[in-house]
Each structure stands twice: as C-alpha cells, then as structure tokens.
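Trainee: I'd like a close look at one part of this model. Could you pick a spot, walk me through it, and then set it against the rest of the chain?

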Amino acid sequence: MPLTPSDFSEPSPAQKNERIESLQERVQKQAIQIEQLTAQSIALHKHLLELEGCLLLNSKNSSTPPSTDGLTKPSPKSLRIAGQKPIGSQPGHEGHTLRQSPQVDHTVIHRSAPCR
C-alpha cells in the first residue's frame, strides 16, 4: 500500500484532543499500577526481612529445641587457630611415661564366655 501525501498531513484538532485524552487515560492507569506495585513491593520486602530474621534464629538465641537447628554444624567454641602454639609440655619438664617392663611377672588370659 503506497503512502499518499495525506498520510503526512497535520492531524486535526479533534484528532489531537482524542490522542491527548487516550494518553492521559493511559498515564492514569499506569500511575495506579505503579502505586499497586509499590505497595506490593513494600509488603514483599517486609516479608523477606521477617523470613531472613527467622533464618538467623537457632536453639542458642531463641526458645526452640536443638533438634530444630537442622543439619547445620554449630560453630566451634575455641577460636584458636591450629599451629599457633606448640603442643606438649613446657621446655625442661621431665615426662612420666609408663614403659613396658622387660620382664613379665605374670600373664592373665581373658576368654570370652560361650554364646547361648
């Protein structure tokens, strides 16, 4: 369909007013929709904060039993990093290790009872 010079002509004032009214209605509908979506967003954000608060609760900081903690491992009580201090006693301390005797005084044999 070829374009004619009338397609490029200036719209009439009635057409302009009609177009303006339709755009104003559209803007009003969009404003109402924006208000509804904003209210919904605020409600969802409050719900999200509430749920995140529940995730932070466990048996140590609430009145719930330990069985409700799930499979999460509790944090360690000791915050000491491995290898910070040497293991063992203080330097110069003589140990008291019980050594095996080279000569056995007596032998005790322990037998299991027969099954019934």
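**Charges, a helix and one salt bridge**

Mentor: Let's begin with the charges. This is a predicted model, and in it the protein carries 13 positive and 11 negative charges, whose mean positions lie 22 Å apart. Against that backdrop, a search of the whole structure turns up one salt bridge. The partners are Glu10 and Lys16, with their closest N and O atoms 3.2 Å apart. That pair counts because the cut-off for a salt bridge is 4 Å between a side-chain nitrogen of Lys or Arg and a carboxyl oxygen of Asp or Glu. How covered are the two partners? Glu10 is exposed, at a relative accessible area of 62%, while Lys16 is partly exposed, at 38%.

Now for the part I'd zoom in on: Gln40. You'll find Gln40 in helix H1, which covers residues 13-55. Is Gln40 buried or exposed, or something in between? With a relative accessible area of 46%, Gln40 is partly exposed, because that class sits between the 20% and 50% cut-offs. Now follow the chain from Gln40 to Pro86. The two are 46 residues apart in sequence, and their C-alpha atoms are separated by 59 Å.

That brings us to the overall layout. The protein has one helix and zero strands. Its radius of gyration is 42 Å, well over the 13 Å that the globule rule gives for 116 residues, so the protein is more spread out than a compact globule. Along the principal axes, the C-alpha trace spans about 125 × 55 × 40 Å.

The surface numbers are worth a look too. Of the 116 residues in the protein, buried ones make up 0%. About 12,600 Å² is exposed, with carbon and sulfur atoms supplying 58% of that area.

Last, the cysteines. A search of the whole structure finds zero disulfides. Cys54 counts as partly exposed, at 48% relative accessibility, and Cys115 counts as exposed, at 79%. The exposed label for Cys115 follows because its 79% is past the 50% cut-off.

Key:
Residues are numbered from 1 along each chain as its sequence is written. This is a predicted model: local features need pLDDT of at least 70, side-chain atom pairs count only at pLDDT 80 or more; totals for chains, interfaces and linings use all residues. Side-chain values use heavy atoms; hydrogens and water are left out. Helices (H or I, at least four residues) and strands (E, at least two) are DSSP runs, numbered from the N terminus. Buried means under 20% relative accessible area, exposed over 50%, partly exposed in between (1.4 Å probe, protein chains only). The radius of gyration is taken over C-alpha atoms; the globule rule is 2.2 Å times the number of residues to the power 0.38. Accessible areas come from the Shrake-Rupley method with a 1.4 Å probe; for residues, only the protein chains shown count as cover. Lys and Arg count as positive and Asp and Glu as negative; His and the chain ends are not counted. The place of a charge is taken as NZ of Lys, CZ of Arg, CG of Asp or CD of Glu. A disulfide is a pair of cysteine sulfur atoms within 2.5 Å.
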